[in-house]
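Reader: Could you take me through a single part of this model closely, beginning with a contact between a charge and a ring and then moving outward to the sheet, its helices and the aromatic pairs?

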Amino acid sequence: MRNEPVVGSDREPLARLLGIAEAAVDAGVRWLAEAGDEWSRRRFKASGEEVTAADAEVERRITRVLREHAPGIPVVGEETDREEGGSVPPRCWLLDPIDGTMNFTRGAPLHAVSLGLVDGGEPALGVVHAPALDRRWSTDTAPDTDTDTAPDTDTAGRDVPEPSGARELSRAVVGVTGAGGGDSPSGRLLAALLERAYRVRMQGCMSLDLIGVAEGWLDACVCVGAKPWDVAAGAALLRHRGWTVLDGDGRPYAFGAPVLVAGSGPLARELAALCRARIR
């Protein structure tokens, strides 16, 4: 029988850190449920992205819990002041306090709090909570896929089957997040997907696109221009459940890659090949 995996120099069990992550997300979600409409008024960052006062407050409250209960692990949040383009620490929390802010400011339900733990530069655990849907997913959620393919291994050392579902693009429902204008590389990718995929869905929330693959709402997803905090939790959960997560060159996804693709192995590789041809 395998021992419980540990992370970091102080040998903290993943189960304990997952409990801390759950408690931290609880703190942010509870506050958000009581926040008034004034907190959701949008303004714009220098990058042109929308942001609200709620983004910053949720990040502050979650960060406070993480620092109190896991003080040795730095917190990197979307709204935290940092050097633009700086590298992700090999061991840290990655937090998107409200993924899908554009949906949030418009009252659309597809937004989520996304918190992941990185260890050794890899997503190790994750919690994604969609407040308006009253749904939460985490890496302790047991996979519920049925398949006769060879098993993989999750972050706790358990055998996890390769998920079932569409294995080729012509039969796949594909989520796309981060697409730009029609003349941009991501726009060209979207045009190709509209021609080749069975259906394309654009939800405007990367973490929920990744959850959609894990839950079977989507057969695959493509995240263009993903920031580490957008995808850390979802990538950990997908790998935990046995899905394939690649970059646009067909290699295992690493933070900083311009494209993330996720799905069953064959479908993820087909999508990565399409990305190589369209995003340059």
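Author: In this predicted model, the charged end of Arg199 sits over the ring of Tyr198, at 4.6 Å from the ring's centre. Arg199 belongs to β13, a strand that spans 199–201 and stands at an edge of its sheet.

That sheet is open and consists of five strands in the order β13-β12-β14-β16-β15, with mixed pairing. Because β13 and, at the other edge, β15 (244–247) each have a single partner strand, one side of each is left without a neighbour in the sheet. From one strand to the next the twist averages 20°.

Further in, β14 (residues 220–224) and β16 (residues 259–263) run antiparallel and are joined by five bridges, and among the residues involved, Ala220 has Gly263 of β16 as its bridge partner. Two helices pack on this sheet. Helix α4, residues 185–196, touches β12 (173–177), β13 and β14, and its direction makes about 165° with that of β14. Helix α7, residues 265–278, touches β12, β14, β15 and β16, and its direction makes about 155° with that of β16.

The aromatic pairs come next, and the count is two. In one of them, Trp137 and Trp217 meet edge-to-face, with 5.9 Å from centre to centre and 75° between the planes. This pair links distant parts of the chain, since Trp137 lies in strand β9 (residues 135–138) whereas Trp217 lies in the loop between α5 (206–215) and β14, 80 residues apart. Trp137 has a relative accessibility of 2% and therefore counts as buried, while Trp217, at 36%, counts as partly exposed. Tyr253 and Phe255 also form an edge-to-face pair, 6.2 Å from centre to centre and with 90° between the planes; Tyr253 has a relative accessible area of 3%, so this residue is buried.

As for the nonpolar interior, the largest core has 29 residues, and those with the most contacts inside it are Leu17, Ile62, Leu66, Trp93, Leu115, Leu117 and Leu125. The elements that give two or more residues to this core are α1 (14–34), α2 (53–69), β6 (91–99), β7 (112–119) and β8 (122–130), with α1 giving the most, 11 residues. A second core, separate from that one, has 27 residues, including Ala112, Met206, Cys221 and Ala235. In soluble globular proteins, nonpolar side chains tend to be buried together.

Notes
Residues are numbered from 1 along each chain as its sequence is written. This is a predicted model: local features need pLDDT of at least 70, side-chain atom pairs count only at pLDDT 80 or more; totals for chains, interfaces and linings use all residues. Side-chain values use heavy atoms; hydrogens and water are left out. Two strands pair if DSSP finds at least two bridges between them. Helices (H or I, at least four residues) and strands (E, at least two) are DSSP runs, numbered from the N terminus. Axes are lines fitted to C-alpha atoms, for helices over the stretch in contact, and angles run from 0 to 180 degrees between N-to-C directions. Contact means heavy atoms within 4.5 Å. A nonpolar core is a set of buried Ala, Val, Leu, Ile, Met, Phe, Trp, Tyr and Cys residues joined through side-chain atoms within 4.5 Å. Buried means under 20% relative accessible area, exposed over 50%, partly exposed in between (1.4 Å probe, protein chains only). Rings of Phe, Tyr and Trp (its six-membered ring) pair if their centres lie within 6.5 Å; planes under 30 degrees apart count as stacked, over 60 as edge-to-face and the rest as tilted. A charge sits over a ring if NZ of Lys or CZ of Arg is within 6 Å of the ring centre and within 35 degrees of the ring normal.
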